[in-house]
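Dear colleague,

I am handing over the structure we spoke about, and my notes on it follow below. Please look through the sequence and the model first, and then read on.

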Amino acid sequence: MTIRRALPLLLRFLLCTIIMYLGFLFGGWIVLGPYHSKFRTLASTFETMFALINGDDMYPTFANIETNSYYIWIFSELYMYSFICLFVYVISSLVITLIIDGYDVVKVKTDDWSFFFILKVN
């Protein structure tokens with residue numbers, strides 16, 4: 001019952017999350033691709049960003065920028081920090097919140113129904 005209650009909210013939320021992920025994906029690929037080995041292709045960018053969400057390979061991703069341009073370095077730092085903060089902290093917390101909200105709604109409804117059945121039997 002919890003999954004049935006939370007599924008529509010999760011699907012809408014995941015659609016918005018996928019759109020944001022694709023924005024970061026294309027932004028990283030286009031801007032950082034020429035300067036970073038992990039962003040050279042779209043597939044490697046996708047793998048790198050997925051690894052960053054899972055907490056894998058963070059230091060090499062931050063350390064392997066191959067540019068002398070201060071602006072590209074600043075962009076890469078802001079890009080990766082904002083991506084990690086947004087997806088690790090905000091998105092995962094919101095997914096958990098949506099599931100817990102669905103559970104609370106189901107719990108309240110089942111508590112009300114059990115009270116109704118107790119009154120009906122007595």
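What stands out among the aromatic residues is one cluster, which is formed by Y21, F24, F39, F46, F75, Y79, F83 and F87. Please keep in mind throughout that this is a predicted model.

A search of the whole structure finds 13 aromatic pairs. One of them joins two members of the cluster, Y21 and F83, whose ring centres are 6.0 Å apart and whose planes stand at 55 degrees, so this pair counts as tilted. Because Y21 lies in helix α1 (residues 2–32) and F83 in helix α4 (residues 70–121), the pair ties together parts that are 62 residues apart in sequence. Both residues are covered: Y21 counts as buried at 10% relative accessibility, and F83 counts as buried at 1%.

A second pair that I would point out is F62 with Y81, where the ring centres lie 4.9 Å apart and the planes meet at 40 degrees, so that this pair, too, is tilted. Here F62 belongs to helix α3 and Y81 to helix α4, and the pair links distant parts of the chain, with the two positions 19 residues apart in the numbering. The surroundings of the two partners are not alike, since F62 is buried, with a relative accessible area of 16%, whereas Y81 is partly exposed, with a relative accessible area of 48%.

As for the overall architecture, the secondary structure comes to four helices and zero strands, and the pattern read along the sequence is therefore written simply as α-α-α-α. The protein has 122 residues, of which 28% count as buried. Its accessible surface comes to about 8,300 Å², and 72% of that area belongs to carbon and sulfur atoms. If one takes the contacts between residues at least 6 apart in sequence, 65% of them join residues that are at least 24 apart.

Finally, there is one backbone detail that you may wish to look at in the viewer. Which residue has a positive phi although it is not a glycine? The residue is D57, with a phi of about 60 degrees, and D57 is found in the loop between α2 (42–54) and α3 (58–63). With a relative accessibility of 40%, D57 counts as partly exposed, because that class covers values between the 20% limit for buried residues and the 50% limit for exposed ones.

With best regards

Definitions and conventions
Residues numbered from 1 in each chain as written. Predicted model: local features only at pLDDT ≥ 70, side-chain atom pairs only at ≥ 80, totals over all residues. Heavy atoms only, no water. Buried < 20%, exposed > 50% of the residue type's maximum accessible area, 1.4 Å probe, protein only. Contact = heavy atoms within 4.5 Å. Areas by Shrake-Rupley, 256 points an atom, 1.4 Å probe, with all protein chains shown as cover. Phe/Tyr/Trp six-rings, centres within 6.5 Å; stacked < 30°, edge-to-face > 60°.
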